[in-house]
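Here is a short briefing for a reader who is meeting this structure for the first time. It takes the annotated domains, then the sheet and its helices, and then the surroundings of the ligands.

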Amino acid sequence: MPIKVPIVDDSAKITDEEGGRSEINGRRCSIPRPTNPMVSPLLTDLYQFSMAYAYWKAGKHLDYGVFDLFFRKNPFGGEYTVFAGLDECIRFIAHFKFSEEEILFLQSVMPSCEGAFFDYLRELDCSDVKVNAISEGSVVFPKVPLLTVEGPVAAVQLLETPFVNLVNYASLVTTNASRHRIVAGKSKILLEFGLRRAQGPDGGISASKYCHIGGFDATSNVAAGRLFGIPLRGTHSHAFVSSYMNPDEILNKTLQSSDGSFTCHDFVRLGHDWLSKIQKISSLNGIFGETNQSEFAAFTSYALAFPKNFLALVDTYDVMRSGVPNFCAVALALNDLGYKATGIRLDSGDLAYLSIESRKFFQAIEKELGISSFGKMMITASNDLNEDTLDALKKQGHEVDCFGIGTHLVTCYGQPALGCVFKLVEINNKPRMKLSEDVSKVSIPCRKQCYRLYGIEGYPLLDIMTMKDEPAPKVGERILCRHPFIESKRAHVVPQRVKKLMDCYWHGNSEQLRKELPSLKETRDVCNEQLDQMRPDHMRKLNPTPYKVSVSASLYDFIHFLWLNEAPVGELR
Ligand SMILES: Nc1ncnc2c1ncn2[C@@H]1O[C@H](COP(=O)(O)OP(=O)(O)OP(=O)(O)O)[C@@H](O)[C@H]1O
Ligand SMILES: O=P(O)(O)OC[C@H]1O[C@H](OP(=O)(O)OP(=O)(O)O)[C@H](O)[C@@H]1O
Ligand SMILES: O=C(O)c1cccnc1
Ligand SMILES: [Mg+2]
């Protein structure tokens with residue numbers, strides 16, 4: 001039965017008493033705490049503290065470092081990714097502060113480090129850190145920085161692991177959800193049912209949040225409904241159906257009509273009468289005989305509890321010989337009392353075939369009994385669904401209105417990690433570059449500006465990274481866009497629209513210099529709009545066209561100059 005709750009502003013839910021907003025360094029912080037209280041400065045790899053100590057020992061900890069967070073390859077064999085997790089990263093740095101217990105613990109695990117290092121950590125916060133980022137929910141591509149984090153090198157180094165952790169799964173599962181949405185089509189309702197199969201409680205909560213951003217309409221996860229204001233929806237399980245033995249178990253059989261004008265004193269009997277009547281409908285003749293009476297009892301009992309939202313799981317015994325006729329009998333009894341049943345859920349068997357047969361059954365009842373819109377009864381399907389089964393169902397033709405998807409969606413069965421990385425690109429204004437035999441692993445140096453250039457048809461043509469001080473590409477002005485590493489790959493582009501991709505989301509203590517964090521709904525809208533804007537061939541499932549990511553001519557020259565400078569020349573003998 002669908003339970004609708006109003007969408008609430010997620011930030012409004014988190015109150016001071018619940019550990020939401022707080023004072024930090026005597027300053028009131030307007031940014032809520034991370035959703036998961038486990039997200040604290042210790043949620044990092046030991047080597048970040050080892051490096052921080054070595055920087056500190058060398059007097060280098062305040063050197064100014066610039067790091068890019070990016071990924072190298074789109075997931076799920078696709079050619080796009082949806083960026084998510086920014087909101088949680090900003091919440092994390094807004095409240096970045098070690099407690100005395102955390103300092104003592106660190107001291108115990110790093111006994112060889114001088115005491116003054118821990119005094120430095122005691123004072124440390126992110127008031128000297130700056131974060132530029134692409135807006136959450138955006139469609140993004142390999143190599144383009146999702147976030148650029150700059151500030152004292154030791155402080156920013158400590159952020160690597162939590163930032164990568166907060167972005168990786170968030171972006172992966174949002175992308176997965178968006179792919180399910182694209183295959184299902186906009187007209188279908190998508191429900192996230194993954195909590196029981198998610199990787200632990202945080203996996204479950206994160207999945208619900210990010211699947212909603214990626215295009216799912218609602219979740220079964222009640223905690224996520226409360227935390228984020230995501231609409232909650234749910235049906236019932238096989239256990240409820242099989243817990244009934246027969247209709248005599250139903251003791252209170254009364255049900256008031258929807259307008260309160262009369263009371264039916266034996267709703268079980270009314271349902272039975274309808275069951276006998278529909279058995280005689282000529283166009284249904286032969287489809288079913290005796291239905292399972294324990295299932296009939298369960299449905300009747302559920303309808304008595306939820307007469308306004310009656311939805312039944314019809315596959316416990318036999319969908320067409322029992323579940324659907326039992327459902328219809330109870331739905332018709334409700335109709336007599338002025339209630340409109342919601343529909344059925346199918347959770348096994350051939351979902352295309354069963355949805356079509358169920359629809360025919362509903363339509364036959366509508367036609368024979370003249371009950372308007374009975375044929376439009378909502379059909380929900382679940383059971384190990386994924387992108388491929390949604391695609392197969394679409395190709396076969398089906399009558400499902402709503403899909404409930406769990407395991408494959410939230411575990412990201414198709415690909416378990418995105419592989420985001422956090423690389424140093426500049427130190428004290430000097431560009432740095434990580435070299436690799438594998439050209440896809442070479443990082444792009446310098447603090448950069450990133451733009452999306454749009455063509456005549458309104459689609460994004462490519463993303464371009466420029467040096468920080470280069471003028472921005474201009475509408476109508478031809479610009480040379482180069483593949484960062486392959487000399488022969490280049491194109492002239494005359495953009496019809498230029499979009500600057502990054503904004504400042506954290507500027508130390510300055511509230512004025514940073515962009516407000518959007519609400520969950522705004523982020524969901526960004527995602528939806530950006531997915532709609534993409535050229536369909538980049539988004540298709542089979543052999544999608546790669547989207548081009550390029551650099552300006554100046555940045556290209558600089559990368560290659562630096563590369564030659566940094567790479568040792570081999571000597572052959
Ligand atoms: N028409 C269809 N085309 C392609 N795949 C389908 C179709 N109908 C169902 N599926 C998928 O086929 C798989 C069937 O799985 P399985 O054999 O475990 O289910 P079942 O036997 O129907 O159910 P259960 O074991 O729960 O009774 C599921 O992943 C389901 O999503
Ligand atoms: O299949 P998923 O995409 O994960 O969707 C969630 C599943 O969880 C529920 O049952 P559960 O799987 O717990 O039991 P069942 O397999 O016996 O139906 C539900 O009936 C779905 O089948
Ligand atoms: O409400 C449902 O139908 C539901 C919820 C979680 C998992 N499977 C089904
Ligand atoms: Mg199952």
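Helices and strands are named here from DSSP runs, with at least four residues for a helix (H or I) and at least two for a strand (E), and they are numbered from the N terminus. With that in mind, residues 42–168 are 44% helix and 18% strand, and the C-alpha atoms at the two ends of this span lie 18 Å apart. The model is a predicted one, and the domain names below come from an unreviewed UniProt entry.

**Domains in the UniProt record**

- UniProt lists residues 42–168 as "domain: Nicotinate phosphoribosyltransferase N-terminal", in an unreviewed entry.
- The feature "domain: Nicotinate/nicotinamide phosphoribosyltransferase" is placed by UniProt at residues 192–441, a span that is 41% helix and 13% strand and whose end C-alpha atoms lie 35 Å apart.
- For residues 447–558 the UniProt annotation reads "domain: Nicotinate phosphoribosyltransferase C-terminal", and over these residues the chain is 21% helix and 34% strand, with the end C-alpha atoms 12 Å apart.

**An open sheet and the helices across it**

- Six strands form an open sheet in the order β17-β16-β3-β7-β5-β23, with antiparallel pairing, and its edge strands, each of which pairs on one side only, are β17 (430–431) and β23 (502–507).
- Strand β16 (residues 420–427) is joined to β17 by 2 bridges, the two strands running antiparallel, and Glu-426 stands opposite Pro-431 in β17.
- Helix α3 (residues 86–94) lies across β5 (130–134), β7 (147–152) and β23, and its direction makes an angle of about 25 degrees with β23.
- Helix α6 (residues 153–184) lies across β3 (64–71), β7 and β16, running at about 155 degrees to β7.

**The packing of α2 with α6**

- Helix α2 (residues 46–57) packs with α6 at an angle of about 175 degrees, the two axes being 9 Å apart, which means that α2 is roughly antiparallel to α6.
- On the α2 side the contact is made by Gln-48, Met-51, Ala-52, Tyr-55 and Trp-56, which meet Val-153, Ala-154, Gln-157, Leu-158, Glu-160 and Thr-161 in α6.
- Sorted by class, the residues in this contact of α2 with α6 are 7 nonpolar, 3 polar and 1 charged.

**Surroundings of the ligands**

- Around ligand 1 are Ser-348, Gly-349, Asp-350, Leu-351, Ala-352, Asn-383, Asp-384, Leu-385, Thr-389, Ala-392, Leu-393 and Gln-396, a shell that divides into 5 nonpolar, 5 polar and 2 charged residues.
- Helices α13 (351–369) and α14 (387–396) each supply at least two residues of the shell around ligand 1, and α14 gives the most, with 4 residues.
- Ligand 2 is surrounded by 13 residues, of which the closest are Phe-193, Asp-347, Ser-382, Gly-406 and Thr-407, and by class its shell has 3 nonpolar, 6 polar and 4 charged residues.
- Strand β15 (402–405) and helix α15 (407–410) each supply at least two residues of the shell around ligand 2.
- Around ligand 3 are Phe-193, Ser-220, Gly-234, Thr-235, Arg-345, Ser-382, Gly-404 and Gly-406, which divide into 1 nonpolar, 6 polar and 1 charged.
- Phe-193, Ser-382 and Gly-406 are among the closest residues to ligand 2, and these residues also appear in the list around ligand 3.

Technical notes:
Residues numbered from 1 in each chain as written. Chains lettered and ligands numbered in written order. Predicted model: local features only at pLDDT ≥ 70, side-chain atom pairs only at ≥ 80, totals over all residues. Near = placed C-beta within 6 Å. Nonpolar A, V, L, I, M, F, W, Y, C, P; charged D, E, K, R; others polar. UniProt positions renumbered as here; feature names shortened; annotations may be inferred. Pairing = 2+ DSSP bridges. Contact = placed C-beta atoms within 7 Å. Axes fitted to C-alpha atoms, helices over the stretch in contact; angles between N-to-C directions. Parallel < 35°, antiparallel > 145°, perpendicular 65-115°, else oblique.
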